[in-house]
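I opened this entry to look up where the two chains meet and which enclosed or open spaces the model contains. The notes follow the order in which I looked.

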Amino acid sequence: MKLVYDTHILLSRNLKKRFGEKIWFFLGMLQPALYLLLYMPLLKNVGNTSALPLERITQIFVPGMLIIMGISSLFVGFSFIPEIREGFITRLLVTPISRAAILLSFIITQVVVLFLQVIILLFIAFLLGLRSSFEAAFLSLILVALIGITMSSLSYTISIITRSEDALASIVNTLYLPIMLLSGIMLPISLAPDWLKSAARFNPFYYAVEASRALFLENYSAPVIAEGFGIMLLFAVISVWLVVKALRNMTS
Amino acid sequence: MEKDDIVLETKGLKKTFVTNKGKTQVEAVKGINLKVNKGKIFGFLGPNGAGKTTSLSMLTTLLVPTGGDATVVGFDLLKEPEKIREYIGYVSQSGGVDMSANAEDNLILQARLHGASGDVAKKRASELIKQFELSEFAERKTTSYSGGQKRRLDLALGMVHRPKLIFLDEPTTGLDPQSRAHFWEEIRRVKTAGVTIFLTTHYLDEADNLCDYLAIIDQGTIVAEGSSTQLKRQIGRESIIIGFKDMKDLEQAKSLLGKQSYILKLRSEENKLHLYVKDGEKLLVDVLHLLDNHAVEMHSIELAKPSLDDVFLEKTGRSLREEGS
């Protein structure tokens, strides 16, 4: 199929670019590991639960970390905006490959990079004592992929509309803090006052974190899993629709 | 037979941008008719903001027109944009080089995007590297290229799939004179290979020296078209340019010459007076006599054949040169 072939050509170009920037790529891969090593020990004495065993902490923290990595896909626009400015994207638009192939290749690039990061993170977490089933890891990977699709599409949309790193930076910063705080990744939402707890209910990523935690606790019958997947799928569809629309507006 | 010779034709091609939530409308291109003949260098001359890039974006399928029709390389612009993309090359103002890769990888990617297999793409890339003299730096990252080197790669990228028609948007903007001259040669060589070239420019000398046929655009409308020689002949006048050291002399000359019936138009620019006349060579003597008799001191005098700037001035009332840019 032409779509698959065209997507594959651009995908390999994009991956070559990402892996080509060796130092930056390495640092990017290392970041989740830094979170694990530097942040996790702080969680030991949080709240009233004194001195949880490390294994239990990894079970709560690592699922949240996976979601953070997905959310970090918001940053992809920073390398996309220069490509718009330098005319590279325009050059692609005048070749016979379809618009769909262009968008797909850019979104899938981020998903591939995410997969790698998740695998590295899970490996380090395993060394720190995390034990989980293959199913839990696999399903979490799918969940992260959905978030990666959502956040990279949003980032590309903002990039196409604003074409400005400054604008993207302030939008990403504004979104990042409330999303992180209200998802219960860094600190448990159970510590929050009631109004903050209700606010968290409006954060779609709260459900993703809950779903991912239930998976790692192998609590497969928990309704939060279906909720988390459902909400993330919905958001993925909406944001892909947004980026398709943005690209179409670019040419009208 | 004639139809085969036309690679591009537009009828009333129009683009109106709606901004400010539908409140204001900007007519960037107000319905233009163009005909581009095969194997020629067609120049689209006009000041910045005249609608050149907007027109080009429509013709290269990047922008959907709000009105009119166009046929590009034999296909309908509105109905078959995908077909058109197979046969046109496009070099935008910013070029479109992938800055994360070297020249060779850029060329290979472009060939593959046009459907070439890996081997064919590689072969084509090395052909182009030779043809456009890129070999010295083809394996270096494009971020280290000079303006001229990058421009040559831009052109090579547009030629990868052997297009029938190539669009160049302001191809020599920002190049130093030597690189410009070199780039003009490259463009001429592309023409020799049988490719039709459609370029936009705001440089008078580029339009004059490089283009076989010109369309002058201003504020979204074509104000004149023809070959450079034809356009200048249409003007049918020459100019006598007299320089003065003292502005008082200039003013005096202005009032004296203003009374002469043989002067079609008079214009002062800085310390120079431009007189537009029909038969410059003969009148030069008359003008000299007149000013000398009234003891007006002149610093220099020259006779200038009509230029494209005069054409622009005649049609729009403004000088293209004054626009700066």
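**Interface and spaces**

I began with a salt bridge, and found A:Arg13 paired with B:Asp98, with 2.8 Å between the closest N and O atoms. The model is a predicted one, and I kept that in mind throughout. I then asked how many salt bridges there are between chain B and chain A, and the count came to 2. For polar contacts across this interface I noted 8 residue pairs, with both residues at pLDDT 80 or more.

Next I looked up which elements of chain B form the side that touches chain A, and found that helix H2 (81-87), S6 and helix H3 (103-113) each supply at least two residues. H3(B) provides the largest share of that side, 6 residues. By class, I noted 11 nonpolar, 10 polar and 6 charged residues on the side of chain B that touches chain A.

Turning to extent, I recorded that 22 residues of chain A are in contact with 27 residues of chain B. The buried area between the two chains is about 2100 Å², and carbon and sulfur atoms give 58% of this. In chain B, the residues losing the most area to chain A are B:Leu62, B:Arg85 and B:Leu113, which together make up 29% of what that side buries.

I then went through the cavities, and the search gave 1 cavity of 30 Å³ or more, the largest having a volume of about 70 Å³. Its lining draws on both chains, including A:Arg91, A:Val94 and A:Thr95 from chain A, and B:Tyr90, B:Gln110 and B:His161 from chain B. S6(B) gives the most to this lining, with 3 residues, and I counted the lining by class as 4 nonpolar, 6 polar and 1 charged.

For the open spaces, I noted that the largest pocket has a volume of about 810 Å³, and that of its 31 lining residues A:Arg18, A:Gly28, A:Phe75, A:Gln110 and A:Gln117 lie nearest its centre. H2(A) gives the most to this lining, with 8 residues, while the classes divide into 17 nonpolar, 9 polar and 5 charged.

I closed with the second largest pocket, of about 640 Å³, where A:Thr90, A:Arg163, A:Met250, B:Ser57 and B:Leu63 lie nearest the centre among 25 lining residues. Helix H1 (52-59) of chain B is one of the elements that supply at least two residues to the lining of this pocket, and by class I recorded 11 nonpolar, 11 polar and 3 charged residues there.

Terms used. Residues numbered from 1 in each chain as written. Chains lettered and ligands numbered in written order. Predicted model: local features only at pLDDT ≥ 70, side-chain atom pairs only at ≥ 80, totals over all residues. Heavy atoms only, no water. 1 Å grid on protein atoms, 1.4 Å probe; cavity = no way out; pocket = protein on both sides within 12 Å on 5 of 7 lines; lining within 4 Å. Points joined across faces, edges and corners; volume = space filled by probe spheres on them. Helix = DSSP H or I, 4+ residues; strand = E, 2+ residues; numbered from the N terminus. Nonpolar A, V, L, I, M, F, W, Y, C, P; charged D, E, K, R; others polar. Contact = heavy atoms within 4.5 Å. Buried area = accessible area lost by both parts, 1.4 Å probe. Salt bridge = Lys/Arg side-chain N within 4 Å of Asp/Glu carboxyl O. Polar contact = N/O pair within 3.5 Å; in protein donor to acceptor, adjacent residues only side chain to side chain.
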